[in-house]
Amino acid sequence: MADVSIEKLASDIGTSVDRLVSQFSDAGIKKAAGDSVTEDEKRKLLDHLSKQHGGAGSGEPTRMTLKRKTTSTLSVGKSKEVKVEVRKKRTYVKRTDVEEQRLAEEEAKRKEEEARLKREAEERAAEEARKAAEEKARKAEEARKAAEEEKARRAEKAKQEAAARAEADSELTEEEKQEQEAARQEEERLRKQQEEEAQRKLEEDAKKAAEEARKLAEENERRWKEEEERRKKEEAEEVHMHSNRYAQEAEDEEDMQVERSSRRRKKPKKNASESLKQGFNKPAAPVERVVKLGETITVGELASRLAIKVQEVIKTMMKMGEMATINQVLDQDTAVLVVEELGHKYELVNDNALEDELLAGSGSGEKSTRAPVVTIMGHVDHGKTSLLDYIRRAKVAAGEAGGITQHIGAYSVETDLGKITFLDTPGHAAFTAMRARGATATDIVVLVVAADDGVMPQTKEAVQHSRAAGVPLIIAVNKMDKETADPDRVKTELSQLEVISEEWGGEHQFVNVSAKTGMGVDELLEAISLQAEVLDLKATPTGPGRGIVIESRLDKGRGPIASVLVQEGEVKAGDILLCGEEYGRVRAMRDENGNDVKLAGPSTPVEILGLSGVPVAGEDALVVQDERKAREVAGKRHQKKRELKLARQQKAKLENMFANMEAGDVSELNVVLKADVQGSVEAISESLIKLSTSEVKVNIVGSGVGGITETDASLAAASSAIVVGFNVRADATARKVIEAEEIDLRYYSVIYDLIDEVKAAMSGMLAPEFKQEIIGLAEVRDVFKSPKLGAIAGCMVTEGIVKRSNPIRVLRENVVIYEGELESLRRFKDDVQEVRNGMECGIGVKNYNDVKVGDQIEVFEIIEVQRQI
């Protein structure tokens, strides 16, 4: 037969490779795991094993096997019994002389090691005791020297004082001498007391040092004894292990064979002791896993990655104060806390591998100079759009509702100094997000400040946005044609914001302009060109385009429209564009005047048609080659956003659950919001949410871009919401639902009006306040006893009016002693309803008879006060 490998032979005979190699070694044949075995070697191994087990020619056997069989009867149920037969097989192996010699050598080494450890422990204890004694002696010596020095110093001082006193005593009277003697005695007494205290402290320190040395010695003795016991224990275990090792190996092998042969047979029920004996051992230490966490993860998936039951994760979250289900989506922060609570580690991973692959390679190529992108910012009504109108020779401001800008406008202007792209941002407080977006997409910010109005809140905010984006500022001081214009005031106020003009030694260009007359506009354009030259703006003019969505809206006839500012490369009609969660093939591109554009390069603003939906303003727009990948990335982003939203909602709900329980019921004003552009939706949503208080909360149940549809009306009906339309209207089917369900529908075109009306609606939802107002005060002049009514107070009304039906308080020395109501109010013998100031009356207080002369009776009424937000 051909040679076989060690692994194949081990598999054939049903043993492990390591055991087989060991048996070959015992037989005098050196083999490794990967070697092959010949027929002669097999025979030699077989002969060796046969001799070991007492085979022919082996002489005295080196191994003895004992078999035992016991039969027991188990009761199953009331009348049924089962006989159980247990067979045990044990093999005992005789040790060879070599093993005996090896064990003796190991025992000698162990004893030698034990003696060495004992010597080291004794030397260490002696050294520590010696050091403690030396330290104690040093401290005692120091204390003695300090005491001697102090004693010598005091003796010298006493000698000097005695000489001084002797000299002074010759000039003192008898009385003064007596006083000085008394003072000396008192001083001597205090000195002795201090010396005794110092001596006592020294003794205490010496006692403490001795006690510490004693404890140290005891601790060393205890450690030595523990070490000794541990060594004895290890010795006993080692002896036991050596004596039974070979027998145990044979026993384990036999047990494994019995288990393999009986695995197919149905096992009888075991009693409790046997099941405990043969159960799995608990791991010595808990397994610590490293879990990879993306932005979101479900509870079930987290449990799977931790290799634990879902119930364990849910139980842990309940202990942390959060109720969870198996399919609940957790955000990254919550998942991190749960993993740490369970004692594992985490690793944050990026889920955007597909996106990174799609974005790779864009923006590469040779760069050339591009036109600057200039954002016009400033406070509302300071003339930003009017200034841009003059530059463009157009009338943008006239088309805005209420004369205020409520959208971001992007315009490309050809000037004598070259092409400049302008972004016009709103100045109203609600449009913070739009201004921040404008600042991040821009190269230069032109800050428009009215010369007659100065620095205002949105002016400060614009400075902060430009600083945060690291964009240079040019200040246009507008409305210089007005008589009240004061440009120096503007410079002074801006210098407090660390915006200092070049004239004053700063780095910011200040240009005085007038949007009406055109004064200074050329200088402003020159300043922009100069700043652009300094910045040396460059971009890749060719290749796949990349830009930012400035604004987006839904047009009823043309579908979703996105205003995109191209920043790199070029965008052509027919390109596949990916904008956040939306994608699509560019059907058409138009400039700000509505003219068709075939190709848009860097710093060009265009309106793009053909996307799958309205993209979120501020998202990156990217031209990609593969439409399938673009659809996949958009779908993944949508799914991720949905999961993040669910996770945040759940988190907010759980975090606020107990707070809401404590605060009681909170009134909610539900709103369905539709606007013409995405930026307006953001601005209005933020403004309305900021109106929320601890008692009344604005809850935006739905929002979007475009007209009000039947779906919006149905959502409002289901959630008892009001429908708000900003520059949009409801279609015919939506109006029918709104009329049938009697839904409150409101249209707005100016954001001020919208916010004010919602604030008024919320004020109406506030619980009214009740205020107590004092209407009269009567002073008790006399007290009469009535058999029917008890004590009657004869009073003079000193302030206001006393009414029969109103609640009262009895005051004694301006302290309230009773609060209740009147039982009777009389003028002479007549019952009356009220008594005015300066008149006398008789007052009977209901359920109170302790009225005394000099008390005051205060009459008040409760008034309901409407509250305002």
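**Close-up 1. Seven strands line up in an open antiparallel sheet.** In this predicted model, an open sheet is built from 7 strands, and reading across gives the order S21-S20-S25-S17-S18-S24-S22, with antiparallel pairing. Strand S21 (582–585) and strand S22 (588–590) sit at the edges with a single partner strand each, so one side of each has no neighbour in the sheet. Going from one strand to the next, the twist averages 35°. Strands of a sheet pair through backbone hydrogen bonds, in either a parallel or an antiparallel way.

**Close-up 2. Strands S18 and S24 pair up inside that sheet.** Here we pick out strand S18 (residues 559–568) and strand S24 (residues 604–609), which run antiparallel and are joined by 6 bridges. If you want a pair of residues to find your place, take Leu565, which stands opposite Pro605 in S24.

**Close-up 3. Four strands make an open parallel sheet.** This open sheet has 4 strands in the order S27-S26-S28-S29, and the pairing is parallel. Its edges are strand S27 (696–705) and strand S29 (745–748); each has a single partner strand, so one side of each is left without a neighbour in the sheet. The twist here averages 25° from one strand to the next. Within the sheet, strand S26 (residues 667–675) and strand S28 (residues 722–726) are paired in the parallel sense over 5 bridges. Leu673 stands opposite Val724 in S28. Helix H18 packs on this sheet, where it touches S26, S27 and S28, and the direction of H18 makes about 175° with that of S26.

**Close-up 4. Helix H18 also packs with helix H19.** Which helix does H18 (residues 710–718) pack with at about 20°? The partner is helix H19 (residues 732–741), and the two axes are 7 Å apart. That angle makes H18 roughly parallel to H19, and the crossing of the two helices is right-handed. On the H18 side, the contact is made by Glu710, Ala713, Ser714 and Ala717. H19 brings Thr733, Ala734, Val737, Ile738 and Glu741. Sorted by class, the contact of H18 with H19 has 5 nonpolar, 2 polar and 2 charged residues.

**Close-up 5. Helices H2 and H3 cross at roughly 80°****.** The axes of helix H2 (residues 17–26) and H3 come within 9 Å. With that crossing angle, H2 is roughly perpendicular to H3. From H2, look for Leu20, Gln23, Phe24 and Asp26; they meet Glu41, Leu45, His48 and Leu49 in H3. The residues of this contact between H2 and H3 divide into 4 nonpolar, 2 polar and 2 charged.

**Close-up 6. A salt bridge links Lys42 and Glu39 in helix H3****.** Zooming in on H3 (residues 39–52), we find Lys42 and Glu39, and being 3 residues apart in the helix, they are separated by about one helical turn. Their side chains meet in a salt bridge at 3.3 Å, N to O. Side chains of opposite charge can pair when their charged atoms come close. How many salt bridges does the structure hold? The count comes to 37.

**Close-up 7. Helices H7 and H8 meet at a right-handed crossing****.** Helix H7 (residues 299–306) and helix H8 (residues 310–319) have axes that come within 8 Å and cross at roughly 115°. That makes H7 roughly perpendicular to H8. Val299, Gly300, Leu302 and Ala303 are the H7 residues to look for, and they meet Val310, Val313, Ile314 and Met317 in H8. By class, the H7 and H8 contact comes out at 7 nonpolar, 1 polar and no charged residues.

**Close-up 8. Tyr818 and its surroundings in strand S33****.** Tyr818 belongs to strand S33, which covers residues 815–827. Which residues is Tyr818 in contact with, leaving aside neighbours within four places in sequence? They are Ile808, Arg809, Val810, Val845, Lys846, Asn847 and Tyr848. For another landmark, try Ile857: Tyr818 and Ile857 are 39 residues apart in sequence, and their C-alpha atoms are 9.6 Å apart in space.

Technical notes:
Residues are numbered from 1 along each chain as its sequence is written. This is a predicted model: local features need pLDDT of at least 70, side-chain atom pairs count only at pLDDT 80 or more; totals for chains, interfaces and linings use all residues. Side-chain values use heavy atoms; hydrogens and water are left out. Axes are lines fitted to C-alpha atoms, for helices over the stretch in contact, and angles run from 0 to 180 degrees between N-to-C directions. Angles under 35 degrees count as roughly parallel, over 145 as roughly antiparallel, 65 to 115 as roughly perpendicular and the rest as oblique. A crossing is left-handed if the near helix is turned anticlockwise from the far one by less than a right angle, and right-handed if clockwise. Contact means heavy atoms within 4.5 Å. Ala, Val, Leu, Ile, Met, Phe, Trp, Tyr, Cys and Pro count as nonpolar, Asp, Glu, Lys and Arg as charged, and the others, Gly among them, as polar. Two strands pair if DSSP finds at least two bridges between them. A salt bridge is a side-chain nitrogen of Lys or Arg within 4 Å of a carboxyl oxygen of Asp or Glu.
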